Amino acid sequence: MSSAVGRGGSLSREFSSLLSRGCLCTWRIDMDALEDYVWPRATSELILLPVTGLECVGDRLLAGEGPDVLVYSLDFGGHLQMIKRVQNLLGHYLIHGFRVRPEPNGDLDSEAMVAVFGSKGLRVVKISWGQGHFRELWRSGLWNMSDWIWDARWLEGNMALALGHNSVVLYDPVVGCILQEVPCTDRCTLSSACLIGDTWKELTIVAGAVSNQLLVWYPATALTDNKPVAPDRRVSGHVGIIFSMSYLESKGLLATASEDRSVRIWKVGDLRVPGGRVQNIGHCFGHSARVWQVKLLENYLISAGEDCVCLVWSHEGEILQAFRGHQGRGIRAIAAHERQAWVITGGDDSGIRLWHLVGREYRGLGVSALCFKSRSRPGTLKAVTLAGSWRLLAVTDTGALYLYDLEVKCWEQLLEDKHFQSYCLLEAAPGPEGFGLCAMANGEGGVKERCRYLLPPSKQRWHTCSAFLPPGDFLVCGDRRGSVLLFPSRPGLLKDPGVGGKAGAGAGAPEVGSGSSSSGNAFTGLGPVSTLPSLHGKQGVTSVTCHRGYVYTTGRDGAYYQLFVRDCQLQPVLRQKSCRGMNWLAGLRIVPDGSMVILGFHANEFVVWSPRSHEKLHIVNCGGGHRSWAFSDTEGAMAFAYLKDGDVMLYRALGGCTRPHVILREGLHGREITCVKRVGTITLGTEYGVPSFVEPDDLEPGSEGPNLTDIVITCSEDTTVCVLALPTTTGSAHALTAVCNHISSVRAVAVWGIGTPGGPQDPQPGLTAHVVSAGGRAEMHCFSIMVTPDPSTPSRLACHVMHLSSHRLDECWDRQHNRHRMVKVDPETRYMSLAVCELEQPGLGPLVAAACSDGAVRLFLLRDSGRILQLLAETFHHKRCVLKVHSFTHEAPNQRRRLLLCSAATDGNLAFWDLTTMLDHGSIVLEAPVDPGLPFRLCTPFLTLQAHSCGINSLHTLPTPEGHHLVASGSEDGSLHVFVLAVEIPEPEEAVGEAGLVPQLRVIEEYSVPCAHAAHVTGLKIISPSLMVSASIDQRLTFWRLGHGEPTFMNSTVYHVPDVADMDCWPVSPEFGHRCALGGQGLEVYNWYD
């Protein structure tokens, strides 16, 4: 006992916590047995939470993320770059704001005194950040206020705090004591507050009450301490709660943001003088949801809200700019750097973005008409194209070709040919030294024919776009029916040994067609060697682009595909959707910085959209896509020309589509993370060293870790699956890629087939794996990932994704011939959990078990390395929503390897199935389906246990050295259930019939912890036969000791991610210990040492 207590008093602190929760009576702790056990010590190494606080301090930016502070500097090449993360500065509170103490000389470039506050916590730190080096000089204690802190202000060395029930506190941050507290007579709950003034005598508070009013009062007018002060003014106008306010003293303006989706501007004069007049001079509507933040600048008003839009207004209420790019539930924090004309936003997606104000970002010159109509230029315009961003070509129905130079600003006729009167195609390209090339074609075949390519027979089908795949061996075409076709560029190409393998004939074998050229020779028509029919639906393919060995296609179905040519066959790699509402994708361009932009039409607007930053870079109101248009982008400028009302219209923007240094930190997910799964670990050599922003002196012993990078997959309610790289050396996270194939929320993910590039015969650096994801609308996707070293990326890694197959229950039902005999699958069925069961039978791929919300456990069979996903069997044994499935194997000497499956439902029942027996030929476990098109039926499970009284949200198993299995489950009532399961297989001579060979499951030991957590247990992992970790919505990561009877509480750590939905733990190395990733409304990674 004395030994355990002597370890820093942590035991007594945990006992006090348990006593306060009233749960100690349910635990039996053997203190003598704990004396020799080294308790795990969990420390947080990474947090990705909504950014709730931002503040510019000179050439520095402070960002609050949970209790951590991120410090960015302008010292690195003139661009913001993170130099420090201060962890756990505000304890268990979330940071909501920073207040920097004004210095007499105004110098904040070397040192600053910063007050950090949030919720009920306050801490003051003195920091030095000169010459790009961050150092903490002094830190006060963490002071806990009695109420929520809405605002803080420095008053001659002390702090004035506006508290949540309309009172003001004068606080000494050095000593940590309250000097004076003054309440208001109206003790209502506040939703926001703003403190004005530099001394206690002139201090003014503007309080946003829940009655939707602004209360202005003066704390210094209190005659004695704790004497309530009546409000001097009450201002009404908003019809919703006021979330934020900002005061501009130089112009006497006050701005407020409200729940009613509006921003109001008030003329208030000097608020430090009582009795002033308040006038509403602006009522601004521009947001489509609640407005969270507002900030007044000398020339602008900045607002941001729940619609993920940051708006820039004039003081007269006119919208000047709109910044869109954050994903999810809104922008929580804004800051401004007026000297640099920057606006910085922090969102719920954990992203931080920097935007340029007017004159620095959208350097658009607007839309201008080029005044083509003239008596000297007869005819009607038919086509237009751009030769670079400075020259424009147009052709009329009279066959005349005109050139417009943007520098000279005049039209010049180049030629006139009657052959191009009725129909003309026009293309141009800029050349060196001011020259350019122009190509014109008409319907008479005026171009010498080199080869003819034939489409498969079909009505109303024709080519819409094409591109040669470098080095020119193949031609990729898109047609009006949405299909993509691959043609050999010349006859006899497929016979060349250096061009791919043997290709099977695609749809439409090579046929002989007649054609004429200038020489009168007949040409042989070549049929496609590979076809992807109706890839873009029935609306047609709009563009084909080849880049870095991949083929990119766009269509009017609102999607763009990444394709790959292997063995003369087109293979889809990835399908991605554009921004919401843009269903007509017209093209894809690679801009000078190497990123990709999508061109398309949204209603009557032409849109340039960036998939990387999720923002609309340019929007032009052109009238729609049914017109001739052209687009050009260079490092100098972007141009978009189109025909409208018989004239040529031109939109130009200096700087093009490149937006450098906009994203300070990439966002993760826009909604809650529903599943976290670790794939594997990559070891990077010294040549791939990842830069670290953590000072070496601040690292704890052992936390530097090996030069390893963990690859983790997260899925979310925002319909995306994200592949992350988590280096052990930096405490950072890098999003490698995002898969957006799902049409609804993604709730589960499973991994199988983990290996290395090149396979076992030729292993290469990197990692490969197959991934299955599933979620809403009964939708499941299978894809493969390959992560390889790449020194050109910030993470030093590159991830390549290839989509393999997909499955939807309703689409499967639609394909049945006798579907009128069957009950249609509910389209709202959700897959709640997945488990991969890898089989030993040759020729069979792995099984994927899915827990379904309609009460079924379904088994899918993956064949051909995941390219075929087939529904094999199902059972409705639970008759309730199935929440979890988990697979495990049983291996014993001289016995066959057994594959077992466990499922858990909302009624607290656990069911166990023997998949090995099920797959045996003629097994009695499977019942033949009623109809040949239906899946098999699973029979009754071998064992059913009532583990909990309500739903089971977490489930895990682990084999023991004795040949048994530990099974642990966590429930919605906060309880844990642990039992030891024995698998008994009868000897062949003892078995009676086929049923006698079925293994029997028997419970040897069974324990329950009824009050393990105060809320749902959503994460559970058995690390070893003696250690188990659990996580709950009560935000506690708890360690349990196993193997000595009932699970024994050891230690608990409070984490900062709300509403945790999943957890995964894995060992890293002996010196680094274990890592644990928690996903919910954010992501947090812990590590601990045994």
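How many helices and strands make up the secondary structure of the protein chain? Keep in mind as you look that this is a predicted model. The tally comes to 5 helices and 83 strands.

Let's start with the chain as a whole. The protein chain has 1090 residues, and 57% of them count as buried. What does the chain show to the outside? About 45800 Å² is exposed, with carbon and sulfur atoms supplying 50% of that area. You can also ask how the chain touches itself. Take the contacts between residues at least 6 apart in sequence: 51% of these join residues at least 24 apart.

How confident is the predictor? The average pLDDT over the protein chain is 83, and 83% of the residues score at least 70. Some stretches fall below that. Residues 1-38 have a pLDDT below 50, and this stretch has 53 contacts in the model beyond near neighbours in sequence. Over residues 359-363 the pLDDT also stays under 50, and here the model has 19 contacts beyond four places in sequence. Read those parts of the picture with care.

Next, let's turn to the cysteines. A disulfide is a covalent bond between the sulfur atoms of two cysteines. How many disulfides are there in this model? The count comes to 0. Cys740 is in no disulfide, and the nearest cysteine sulfur, that of Cys722, is 9.2 Å away. Cys740 itself is partly exposed, with a relative accessible area of 23%. Now find Cys1065, which is buried at a relative accessible area of 5%. Why does Cys1065 not form a bond with Cys1076? The sulfur of Cys1076 is the closest cysteine sulfur to that of Cys1065, but at 3.4 Å it is too far for a bond, because a disulfide needs the two sulfur atoms within 2.5 Å.

Salt bridges tell another story. The whole structure has 31 of them. One of these joins the side chains of Arg85 and Glu65, with N and O 3.2 Å apart. Arg85 sits in strand β5 (residues 79-86) and Glu65 in strand β3 (residues 60-65), so this salt bridge ties together parts that are 20 residues apart in sequence. Both Arg85 and Glu65 are buried.

A second salt bridge pairs Asp232 with Arg233, whose closest N and O atoms are 2.9 Å apart. Are these partners buried or partly exposed? Asp232 counts as partly exposed at 32% relative accessibility, whereas Arg233 is buried, with a relative accessible area of 9%.

A third salt bridge brings together the side chains of Arg612 and Glu666, at 4.0 Å from N to O. This pair links distant parts of the chain, 54 residues apart: Arg612 is in the loop between β49 (605-610) and β50 (615-621), while Glu666 is in the loop between β54 (663-665) and β55 (673-683). Arg612 is partly exposed at 48% relative accessibility, and Glu666 is partly exposed too, with a relative accessible area of 38%. Salt bridges can also share partners: Glu45, Arg678, Asp710 and Arg1075 are joined in this way into one network.

Finally, let's look at one annotated stretch. An unreviewed UniProt entry places the feature "repeat: WD" at residues 235-268. What is the chain like there? Residues 235-268 are 0% helix and 59% strand, and the C-alpha atoms at the two ends of the stretch are 11 Å apart.

Conventions
Residues numbered from 1 in each chain as written. Predicted model: local features only at pLDDT ≥ 70, side-chain atom pairs only at ≥ 80, totals over all residues. Heavy atoms only, no water. Helix = DSSP H or I, 4+ residues; strand = E, 2+ residues; numbered from the N terminus. Buried < 20%, exposed > 50% of the residue type's maximum accessible area, 1.4 Å probe, protein only. Contact = heavy atoms within 4.5 Å. Areas by Shrake-Rupley, 256 points an atom, 1.4 Å probe, with all protein chains shown as cover. UniProt positions renumbered as here; feature names shortened; annotations may be inferred. pLDDT = per-residue confidence, 0-100.
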